[in-house]
Amino acid sequence: MSRSLVSVLRWAQDPEHRRRVALLAETPLFAGMRRRLLGRLAMRLFEKRYEAGEEVFREGDPGRALYLVAEGEIEVVRAGDDGGERRLARLGEHTAFGELALIDELPRLATARAVTASRLYILYRTHFEELEEGDPAVALALSRNLLARLARYVRDRDAPPLPVADDDGGPPQR
Amino acid sequence: MSAPPAAGARPPTSAAALGLVVLLALVGVGWLFRGLFLPLLAAALGAYFAHPIVARAQERGIRRSVAVAALFVVATAALVVTVIVVAPAVERQARELVREAPAFGERLETLAAAARRSLVARLPWLAHQLPELAPGWPERLLADQQRHAATVASGAGTVLFVLLLAPIFGFFLLRDGGRLLDGMVRLVPPRHIETSVAIWCEIDRIIGRYLRGLVIESLGVAVLAAAGLWALGVPAPMLLGAFAGMVNPLPYVGVLLSLAVALATALGAGMGPDVLLAVVGLFVVIRLVDDFVLIPLALGGSVHLHPALVIAAILAGEQTLGVLGMVLAVPLVTVVKEVVRLLLESAAARRGRPRAARATTAVAPYLC
């Protein structure tokens with residue numbers, strides 16, 4: 001009896017939701033957030049697939065969303081003074097990018113492009129703000145994580161050569 | 001210098017042509033199935049109201065289909081209980097009102113004639129402006145309304161059609177809405193995904209908040225009006241409260257309509273000027289509670305429009321879709337305003353205008 005109840009309860013669980021929550025939990029930007037809040041965030045994610053070479057966003061575009069890499073690899077590049085491109089970061093699974101869109105409405109500082117076929121989750125800024133309004137703990141946890149990232153970048157910025165981050169929450173690769 | 005188009009990207013002209021073809025196809029399909037517009041609209045509204053409950057269950061990891069099925073079971077049970085508990089009281093009040101209607105009419109006729117005589121005695125020039133009402137006008141007015149009611153009843157088939165189909169459509173919209181959206185997100189070219197997601201989220205946020213807020217606000221107004229009228233001893237308070245709640249979504253007009261009907265009922269019941277004044281006072285208090293408590297709580301900042309634009313939108317809505325248009329006008333204009341803002345922002349970014357702002361932003365190089 002109890003075994004069948006357990007199997008019914010297990011069937012009632014959404015496996016896709018579980019995968020999304022697991023991805024969020026392993027993303028450093030969302031470290032310290034309660035599972036219930038991650039569940040709420042997971043509900044608001046849009047999934048989008050990109051072919052290798054496709055642009056996710058371009059430098060100068062309005063920043064309106066945060067991206068999470070579920071599968072594949074993304075490179076972040078910036079136009080150089082010589083007209084060429086300078087690679088700033090190469091991001092793998094369980095990483096977030098475009099995080100400044102959660103803070104301000106200024107244009108993107110860099111271009112993000114899929115290196116391999118990738119699956120990304122998109123979190124729209126307003127959805128995130130609604131979550132923050134409902135629970136200040138979200139704002140606090142995210143602000144702490146963003147500040148930690150900013151502090152690390154500021155510390156490493158002047159250290160030659162320019163860091164190429166793997167963005168896994170650990171120190172940038174040089 | 002603009003970047004070369006991504007691999008596989010269509011040139012802008014062919015993309016625009018494809019968009020136009022898709023739009024025309026959608027309009028054509030919409031025209032073919034126009035008979036389903038009302039049940040689909042009712043289903044969409046129902047889905048909007050129910051979505052937050054389903055979302056709560058999903059946040060806890062429950063499958064959407066399970067949450068939707070459970071919600072429908074609970075909603076059906078709640079509807080049955082409400083009908084069993086509330087319907088007899090409403091029916092009793094309606095019967096009383098119908099039984100008392102002739103007496104109400106006589107009193108209203110006497111009161112109107114007395115008011116006219118008094119006014120003309122004081123201001124004789126009004127005699128031509130205020131024609132004497134023919135005897136028995138309240139009965140004729142009521143008969144007109146009954147004829148109108150008969151017309152409405154003749155459309156009962158349509159109402160039944162909507163009532164039967166709307167829950168079915170609502171169930172599938174609620175269950176599969178997310179999948180439909182995922183399908184659309186897959187179809188949008190990567191270059192436009194962020195703007196498309198932003199547009200969708202803003203439409204969803206504005207309409208969802210507005211409609212849910214409107215229902216909560218109307219329920220609040222209905223309860224306050226029913227309780228207040230009951231306390232004042234006005235007949236059929238539940239019916240009058242329900243009417244106040246139903247017409248409440250009509251901006252500016254709703255409160256005047258419900259006040260007029262409540263005053264006419266009190267007058268017809270032979271209540272004195274003290275009660276009539278109290279009824280006016282009650283609706284003023286309800287209006288204030290609505291403006292300062294219910295609307296901020298229920299609707300929040302979902303709609304930011306200039307009052308002149310609100311009035312223009314309501315008038316245009318009334319011209320095109322009648323009462324439904326009046327209710328939908330404000331959120332629709334807000335949606336259009338927001339969509340235009342997002343599209344202009346994207347267009348400006350493509351033209352490279354905001355680059356000056358970027359150049360002055362002192363942020364570490366690989367944050368984006």
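A search of the whole structure, a predicted model, finds 4 cavities of 30 Å³ or more. The largest cavity holds about 120 Å³ of space. Residues of both chains line the largest cavity. From chain A come A:V56, A:F57, A:D61, A:P62 and A:R64. From chain B come B:R191, B:E194, B:T195, B:S346, B:A349 and B:R350.

Three elements each supply at least two residues of this lining: strand 2 (55-57) of chain A, and helix 7 and helix 11 of chain B. Helix 11 of chain B gives the most, with 3 residues. By class, the lining of the largest cavity has 5 charged, 4 nonpolar and 2 polar residues.

The contact between the two chains was examined next. Chain A brings 54 residues to the contact, and chain B brings 43. The size of an interface is often given as the accessible area lost when the parts come together. Here, the area buried between chain A and chain B is about 4,700 Å². Carbon and sulfur atoms give 59% of that area. On the chain A side, A:F46, A:K48 and A:R64 lose the most area to chain B. Together these residues account for 15% of what that side buries. A:R64 also appears in the lining of the largest cavity.

Charged side chains pair across the interface as well. The rule finds 5 salt bridges between chain A and chain B. In one salt bridge, the side chain of A:R40 meets that of B:E59, at 3.3 Å from N to O.

Attention then turned to the open spaces. The second largest pocket contains about 1,900 Å³ of space. Its lining counts 50 residues. Nearest the centre of the pocket lie B:A42, B:L45, B:G46, B:F49 and B:V215. Several helices of chain B give two or more residues to this lining. They are helix 2 (37-59), helix 3 (64-122), helix 6 (156-187), helix 7 (193-232), helix 8 (237-247), helix 9 (253-268) and helix 11 (307-351). Helix 2 of chain B gives the most, with 10 residues. Helix 7 and helix 11 of chain B thus serve the linings of the second largest pocket and of the largest cavity.

Two domains of chain B take part in the pocket. Domain 1 (36-187) and domain 2 (190-368) each provide at least three residues of the lining. By class, the lining of the second largest pocket has 43 nonpolar and 7 polar residues. No charged residues occur in the lining of this pocket, whereas the lining of the largest cavity includes 5.

Note on methods
Residues numbered from 1 in each chain as written. Chains lettered and ligands numbered in written order. Predicted model: local features only at pLDDT ≥ 70, side-chain atom pairs only at ≥ 80, totals over all residues. Heavy atoms only, no water. 1 Å grid on protein atoms, 1.4 Å probe; cavity = no way out; pocket = protein on both sides within 12 Å on 5 of 7 lines; lining within 4 Å. Points joined across faces, edges and corners; volume = space filled by probe spheres on them. Helix = DSSP H or I, 4+ residues; strand = E, 2+ residues; numbered from the N terminus. Nonpolar A, V, L, I, M, F, W, Y, C, P; charged D, E, K, R; others polar. Domains from an automatic or database assignment. Contact = heavy atoms within 4.5 Å. Buried area = accessible area lost by both parts, 1.4 Å probe. Salt bridge = Lys/Arg side-chain N within 4 Å of Asp/Glu carboxyl O.
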